[in-house]
Amino acid sequence: MLQAVKHPSIKEKGVNRLIDEVDQLRVSAFQRAELDHRSLLGQYSTPPPIATLMASFFKSDRTDVRLLDPGAGVGSLTSAYIARLCNQQKKPKSLQVTAYEIDPKLKGYLGRSFAICGHACAKAGISFDGRISGEDFIASAVALLETTLFGNDNRKFDAVILNPPYKKINSVSEHRRLLRRVGIETSNLYTAFLALSVLLLDPGGQLVAITPRSFCNGPYFRPFRQLFLREMSIRHVHLFESRTEAFSEDEVLQENIIIHAIKTKQKNQNTNVSTSLGPTDTPSVRVMTPKALVRPNDPQQFIHIIANDAGSRATDLMGRLSNSLDDIGLSVSTGPVVDFRCKSCLKAEPAPGSVPLIYPSHFADGWVKWPRLGHKKPNACLLNDRSRKWLVPSSVYVLTKRFSAKEEARRIVAAVFDPDLVQCELVAFENHLNYFHEKGRGIPMNLAKGLAVYLNSTVTDTYFRQFNGHTQVNASDLRSLKFPGREELEKLGQLIGDRFPGSDEIDHLVESRFPRWLKNRE
């Protein structure tokens, strides 16, 4: 049930102090909250600079505003939104806020924040109606949407501001079942909150959210992207150059973005992309066309975010290549050996009756160097009836890391597996690797060298980062790339001897060949 917040008679607060006072409640609340408890709920509190930046994206000209704040926490986002309304020249007459917070510990702080917000609105001449619900937002939103389907449009909103929880949803959970009732298919709480918020918006309504960037790509988020791009027009995206800047108080490994979108069928508006080191730094801004943001012929509907000149150039070059992996006769798969599921088969060192087990830690200077003795990861996998189905025939392959450290210069890191360097009949590729192959078997050495150089180049990595916003590189992401022709890659590979060149030389080799690759295409 929603409860109306009646603020007590306390000393009137100045608008400029509103955010600071609510933040004192945030600090107090999250100092008291156990880290494990916050992790269980997927909670990350919003610092004032982030909340203020998010509120600045709203364009408010309505007389009466209905704001939704799902997963409100202590009310940091609502207070920033209200501070913006109170400070703007043309103020609304009324503001109705509906906030959801399932954590009873935070709900009490939220009530105190609304009291402060109510006094700020009163001083600015805005009628304030604050409602707090302790219900599960997903269950409540689904109920509201099902009611709306029968003609009751009084429960929709003009604006949504949210920092949703980040947590996976089990495929057989109650949340998944509820979401499917209103046509939403997604595997994470943050995209579930976003999708429900979109459906609860009135036409012309605005949404501002800070979320992981991971929804921009990957097959798991494709249904969400289809829904979001069908209903919304993305008007602004803000990126932080530092992965940890947005939530410096929490251990957030995802790359986060702020997105501002309007619910409209008109999709011909450009998107501003701004970038800054932190939320208070002066940003650089670029403009992207709708076709650059989402390619019209892309069935996956990946969202590309171009932040600088290097990204624009990479998009131009890569966009003019036409070859898919299928076109050059290759496939990419994820390493089949999941080590924690087959511990009894793993050996620290090579032993009779075992085969080489390859991890990302075996990458060295463009090649796979095996074994790596004294390392914390095992080097071998026992050959038996259980493990045989995980193994591939020894041959030449190109491997890439599926996970990169956040401080690594490259998101895509490739190396060549050479059977002359690792002599065996069968080999095991661990699950933290992807491997390029030709119908399950190896590929010619020159093709492998050329492909590895291409994947390790700055232009490929820059392009890849425009739609991949986390440290994971999945096989499906690699399939979305475009490539030079097979013959061109083989010619590139012929230039590589026993030693792979360094990064600068790789970039020179690849960049110098783009004019030829594009000319051959034309």
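**Close-ups of salt bridges, cysteines and a sheet**

Aspartate 129 comes out as partly exposed, with 24% relative accessibility. Everything in these views comes from a predicted model.

**View 1. Aspartate 129 and its arginine partner form a salt bridge.** The partner is arginine 131, and the closest N and O atoms sit 2.9 Å apart. Arginine 131 is partly exposed too, at 29% relative accessible area. This is just one entry in a longer list: searching the whole structure turns up 18 salt bridges.

**View 2. Glutamate 511 and arginine 313 join side chains in a salt bridge.** Here the N to O distance is 2.7 Å. The pair links distant parts of the chain, with glutamate 511 in helix H16 (residues 503–521) and arginine 313 in helix H11 (residues 309–319), 198 residues apart. As for surface exposure, glutamate 511 is partly exposed at 27%, and arginine 313 is partly exposed at 43%.

**View 3. Arginine 486 reaches glutamate 438 in a salt bridge.** Their closest N and O atoms are 3.3 Å apart. Arginine 486 belongs to helix H15 (residues 486–494), while glutamate 438 lies in the loop between strand S21 (433–437) and helix H12 (445–455), so the salt bridge ties together parts that are 48 residues apart in sequence. Both ends count as partly exposed: arginine 486 has 24% relative accessibility, and glutamate 438 has 27%.

**View 4. A network of salt bridges links four residues: Arg62, Arg66, Asp158 and Asp202.** For the general idea, side chains of opposite charge can pair when their charged atoms come close.

**View 5. Cysteine 86 has cysteine 121 as its closest cysteine, but no bond forms between them.** Why not? The two sulfurs are 4.5 Å apart, which is too far for a bond, because a disulfide needs them within 2.5 Å. The disulfide count for the model is zero. Cysteine 86 is buried, at 6% relative accessibility. Cysteine 216 is buried as well, with a relative accessible area of 0%.

**View 6. Five strands make an open sheet with mixed pairing.** Reading across, the order is S12-S16-S13-S20-S17. Strands S12 (346–347) and S17 (392–393) are the edges; each has a single partner strand, so one side of each has no neighbour in the sheet. S17 pairs with strand S20 (residues 426–429) in the antiparallel sense, over two bridges. If you want a specific contact to look at, valine 392 has valine 427 in S20 as its bridge partner.

Key: Residues are numbered from 1 along each chain as its sequence is written. This is a predicted model: local features need pLDDT of at least 70, side-chain atom pairs count only at pLDDT 80 or more; totals for chains, interfaces and linings use all residues. Side-chain values use heavy atoms; hydrogens and water are left out. Buried means under 20% relative accessible area, exposed over 50%, partly exposed in between (1.4 Å probe, protein chains only). Two strands pair if DSSP finds at least two bridges between them. Helices (H or I, at least four residues) and strands (E, at least two) are DSSP runs, numbered from the N terminus.
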